[in-house]
Amino acid sequence: MQKVNGTYRDVHRGDLAAVVTTNSFTKAAAAFCAQVGIRTVDRRALALWAEGTGGPPWA
């Protein structure tokens with residue numbers, strides 16, 4: 001997460017960073033991402049989207 005945070009703006013010129021996993025995020029990783037504005041998409045969000053019961057996880 002720290003590498004993503006340190007590179008997505010300055011190196012890659014991104015306006016938004018998102019990290020997607022088919023697992024879950026640790027509490028520390030989720031808290032860090034919330035603090036710095038990185039979006040996280042975990043297996044639950046992916047499953048809800050795939051089932052059609054949830055919106056797209058990037059929205």
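# Briefing on a predicted protein chain

Asn5 touches Phe32, Val36 and Ile38, leaving out residues up to four places away in sequence. Asn5 belongs to helix 1. The model described here is a predicted one. Its protein chain holds three helices and two strands, and these elements follow the order α-β-α-β-α from the N terminus on.

**The chain as a whole**

- The C-alpha trace of the protein chain spans about 35 × 25 × 15 Å along its principal axes.
- Of the 59 residues in the protein chain, 17% are buried.
- The protein chain exposes about 4500 Å², and carbon and sulfur atoms supply 53% of that area.
- Taking contacts between residues at least 6 apart in sequence, 27% join residues that are at least 24 apart.
- The protein chain carries 7 positive and 4 negative charges, and the mean positions of the two sets are 6 Å apart.

**The nonpolar core and its members**

- Five residues form the largest nonpolar core, namely Tyr8, Ala17, Val19, Cys33 and Ile38.
- Cys33 is located in helix 2.
- Cys33 counts as buried because its relative accessibility is 1%, and the limit for a buried residue is under 20%.
- When residues up to four places away in sequence are not counted, Cys33 touches Met1, Ile38 and Thr40; of these, Ile38 is also listed in the largest nonpolar core.
- Cys33 and Ala18 are 15 residues apart along the chain, and their C-alpha atoms are separated by 9.1 Å.
- Ala17, another member of this core, is in contact with Val4, Tyr8, Gly37, Ile38 and Arg39 once its neighbours within four places in sequence are left aside.

**Helix 1 and the loop that follows**

- Asn5 has a relative accessible area of 17% and is therefore buried, as the limit is under 20%.
- The loop between helix 1 (2-7) and strand 1 includes Leu16.
- Leu16 and Asn5 are 11 residues apart in sequence, and the distance between their C-alpha atoms is 9.9 Å.
- Leu16 is in contact with Tyr8 and Arg39, leaving aside its neighbours within four places in sequence; Arg39 is also among the contacts of Ala17.
- Arg13 is likewise found in the loop between helix 1 and strand 1.
- The relative accessibility of Arg13 is 66%, so this residue counts as exposed, for which the limit is over 50%.
- The phi angle of Arg13 is near 60 degrees, which is a positive value in a residue other than glycine.

**The loop between strand 1 and helix 2**

- Thr21 lies in the loop that runs between strand 1 (18-20) and helix 2 (27-36).
- Thr21 is buried because its relative accessible area, 18%, meets the limit of under 20%.
- A polar atom of the Thr21 side chain lies 3.1 Å from the backbone nitrogen of Asn23.
- Thr21 touches Val41, Asp42, Arg43 and Leu46, with residues up to four places away in sequence not counted.

**Points to retain**

- Two loop residues differ in their cover: Thr21 is buried, whereas Arg13 is exposed.
- Two helix residues are buried, Asn5 in helix 1 and Cys33 in helix 2.
- Ile38 is touched by both Asn5 and Cys33, and Ile38 is also in contact with Ala17.

Key. Residues are numbered from 1 along each chain as its sequence is written. This is a predicted model: local features need pLDDT of at least 70, side-chain atom pairs count only at pLDDT 80 or more; totals for chains, interfaces and linings use all residues. Side-chain values use heavy atoms; hydrogens and water are left out. Helices (H or I, at least four residues) and strands (E, at least two) are DSSP runs, numbered from the N terminus. Buried means under 20% relative accessible area, exposed over 50%, partly exposed in between (1.4 Å probe, protein chains only). A polar contact is a pair of N or O atoms within 3.5 Å; within protein, one must be able to donate a hydrogen and the other to accept it, and residues adjacent in sequence count only if both atoms are side-chain atoms. Contact means heavy atoms within 4.5 Å. Accessible areas come from the Shrake-Rupley method with a 1.4 Å probe; for residues, only the protein chains shown count as cover. Lys and Arg count as positive and Asp and Glu as negative; His and the chain ends are not counted. The place of a charge is taken as NZ of Lys, CZ of Arg, CG of Asp or CD of Glu. A nonpolar core is a set of buried Ala, Val, Leu, Ile, Met, Phe, Trp, Tyr and Cys residues joined through side-chain atoms within 4.5 Å.
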